[in-house]
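Thank you all for coming. I would like to walk you through one model this morning, and I will keep to what can be read from its coordinates.

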Amino acid sequence: MTARYLGRKLVTLGVTIYVTVSFNFLLFHVLPGSPVQLLARSGHFNPAARAQLVKLFGLNHPLLTQYVIYLRDMLQGNLGFSYAYREPVTTVLGGAIGNTVLLVGTATLVTIIVGVWLGVLAASRAHSLRDATITVGSLGLWSMPDFFTGMILIFVFGVWIHALPISGLMTPGLSNGTWGHLVDVGRHLILPTVTLALVNAAEFSLITRNSLVDVLVEDYMLTARAKGLSRRVIVWRHALRNAMLPIVTATALYVGMILGGAIQVETVFSWPGMGLLIYNSVGQRDYPVLEGCFLLFAIAVIATNFVSDLLYRVLDPRVRRT
Amino acid sequence: MSTPEATPGALAELPERTAARRSVWRKLWRDPMGRWGLIMLAAVLVVIMIGPIIFPFNAQTFGSSAASILQPPSRTHWMGTTELGQDVFRQVLVGGRISLYVGLSATLIAMVLGAGLGLISGYYAGWRDTILMRITDFFLVLPTLPLIIVLAALFGQSIFVTSLVIGLTSWPQTARIIRSQVLSLRERPLVQRVRSLGAGDLRIMRVHILPNVAPLIFANLALVLSGAILAQAALAFLGLGDPVQVSWGTTLHNAFNSGAMSEGAWWYVITPGVGIVVMVLSFSLVGHSLDRVLNPLRQGGK
């Protein structure tokens, strides 16, 4: 990977993040119906209070000045002040971000392992009954909204057989850092993770299957078989490596999807992460928190895309050389 | 299936249109996935369109006593009652129309935007392509559901706004797919020849390019549609649905918020949920099948 390529990619990354931040400003501060304007226009204020509010949020400045102030605040890590929590948005986000990373990270791991495995199972006997079962099963799972899958799991494992906790991060009252506490968080993690992983593994298995089926009909696969290699080695070592590229690309888009799923799953299971924060902020019309969450989500997706682009280059020698 | 590969050169003309269109339907029906998708879709449409006429839902029919709330399925209430004593079955029959309506109008917006931008981008190539694709990539990267939630929270939650918001966020993938197809179509000898005969850009796009990407648009349409229905359901479940037009997502929102889960009122959750799954599944079966039938790369591998 040349330094020049990396430099160009970094510039693109910077520009994309800048555009995203500006897009955020446009959404929340410029467009009609933006929260700050709604607040200042609300009929419940007397003129003096309104003037104070307008001054507090800097609405008396021209738009360009507001934009510059907004950018300066961003650079200083100031995302505003939450209406509902009466705390800086960064503090509110800070308390939630770790829980979301834990949930999404675990779910991603399960998704990739299960999804790729199922995809390989389906593709290695393409057009067989097994292939059809996995493909239709994946489509069925993919057609289920994450929140509905979560509700079914709650019924089965929480309400009917009382096997697993269905709400929250841990049982209240346990002392922090003990072994029992860790196990407790782990048990709380199971159902949300399974919910998120089910839907996304379905998507992954479909992508892996299609990509692998395309690779398996290539001439070099015939060569590999002619050399006397076993089916297992051909599929897992030779074919999967070449089929990885679309999977890596899909991973980047997948992050956006799993974050959307996390909003639903965290809501259903009251998992105290950023998804639940978004749900609560929508209910309480806590726009600064909503804005912060959206910005963070967008930047997470952009960053993953960046990494996946670099990975693509490492994985594909044809692209690497150009 | 042994479709002849398109040979490069003058012989590789654009296929005859009507025959091709008829054969697409036949191929779709011959593919088990496509056939089941079409059958399920027909069933869903019949239930949604005719069901509410046979079993009209009156929003004012609340339970008259405490005994009529959250009732399990019975002969009077086939799918039980809600926390307000309303009939779940009838509510779900009516709700399907709203889910489908939002899905369809959002998809229409997404298709016009996506196919239009893809067409322009692929046909003109050059700087217009660069600019349009930069914009497309930007929207492709933005996390869709969070963006939809933000827009709905800012601009309101009537079904009109919801359709608009979902439509405005669902086009980038379509634009990408159409563009790459158009890029290859514009290099075909026929298009070059027609151009040298003096045909204008608009005419070439309308007569020679659009009909040839149309099947691709339809395959993509089915998939975007299932995504749009899912997005609407999620939005309504999170409390951003139209409070007046009760869709399947709204029913699930009410079920979740009224504590039907801990009461064990499975009928309240399963009925609207199955509606969403069947509708989305039928569209995605058709979409995947169309993609399989139409994608020339896939046809080789049998």
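**A helix of chain A and its surroundings**

Let me begin at the end of a helix: α11(A) is followed by A:R285, a residue whose phi is positive, near 50°. Before going further I should say that this is a predicted model, and everything that follows should be heard with that in mind.

The helix that precedes A:R285 is α11 of chain A, which spans residues 274–284 and is mostly covered, with eight of its 11 residues buried. Those buried residues are A:M274, A:G275, A:L276, A:L277, A:I278, A:Y279, A:S281 and A:V282. What covers them? The cover includes, from chain A, α5 (89–124), α10 (231–268) and α12 (287–315), and, from chain B, α5 (144–155) and α9 (201–240).

That brings us to the interface, where 37 residues of chain A are in contact with 38 residues of chain B. On the side of chain A that touches chain B, at least two residues each come from α1 (3–30), α6 (129–142), α7 (146–160), α8 (179–216), α10, α11 and α12. Of these, α12(A) gives the most, with seven residues. By residue class, this side of chain A divides into 25 nonpolar, 11 polar and one charged.

One residue of chain B lets us look at this region from the other side. If we leave aside its neighbours within four places in sequence, B:I149 is in contact with A:I263, A:I278 and A:V282, and also with B:L235, B:L238 and B:L240. Two of those partners, A:I278 and A:V282, are among the buried residues of α11(A) that I listed a moment ago. Moreover, within the largest nonpolar core, which has 153 residues, B:I148 and B:I149 touch the most other members, while α9(B) gives the most residues to this core, namely 21.

Now to chain B as a whole. Its secondary structure comes to 12 helices and zero strands, and of its 302 residues 47% are buried. Among the contacts in chain B with a separation of 6 or more, 74% are accounted for by residues 24 or more positions apart.

I will close with two helix pairs that share α11 of chain B, a helix covering residues 266–294. Two packed helices are described by the angle between their axes and the distance between the axes, and I will give both quantities for each pair.

In the first pair, the axes of α3(B), residues 88–124, and α11(B) come within 10 Å and cross at roughly 30°, which makes α3(B) roughly parallel to α11(B). The crossing is right-handed. The contact is made by B:V88, B:F89, B:V92, B:G95, B:G96, B:S99 and B:L100 of α3(B), meeting B:W267, B:Y268, B:T271, B:P272, B:G275, B:I276 and B:M279 of α11(B); these residues divide into nine nonpolar, five polar and no charged.

In the second pair, α2(B), residues 32–54, packs with α11(B) at an angle of about 145°, their axes being 8 Å apart, and here the crossing is left-handed. From α2(B) the contact includes B:M33, B:W36, B:L41 and B:V44, and from α11(B) it includes B:V278, B:M279, B:F283, B:H288 and B:V293. The residues of this contact divide into 14 nonpolar, five polar and no charged. B:M279 takes part in the contact with α3(B) and also in the contact with α2(B).

Key:
Residues are numbered from 1 along each chain as its sequence is written. Chains are lettered from A and ligands numbered from 1 in the order in which they are written. This is a predicted model: local features need pLDDT of at least 70, side-chain atom pairs count only at pLDDT 80 or more; totals for chains, interfaces and linings use all residues. A residue is buried if 20 or more other C-beta atoms lie within 10 Å of its own, exposed if 12 or fewer, and partly exposed in between; C-beta atoms are placed from the backbone. Helices (H or I, at least four residues) and strands (E, at least two) are DSSP runs, numbered from the N terminus. Two residues are in contact if their C-beta atoms, placed from the backbone, lie within 7 Å. Axes are lines fitted to C-alpha atoms, for helices over the stretch in contact, and angles run from 0 to 180 degrees between N-to-C directions. Angles under 35 degrees count as roughly parallel, over 145 as roughly antiparallel, 65 to 115 as roughly perpendicular and the rest as oblique. A crossing is left-handed if the near helix is turned anticlockwise from the far one by less than a right angle, and right-handed if clockwise. Ala, Val, Leu, Ile, Met, Phe, Trp, Tyr, Cys and Pro count as nonpolar, Asp, Glu, Lys and Arg as charged, and the others, Gly among them, as polar. A nonpolar core is a set of buried Ala, Val, Leu, Ile, Met, Phe, Trp, Tyr and Cys residues joined through C-beta atoms within 7 Å.
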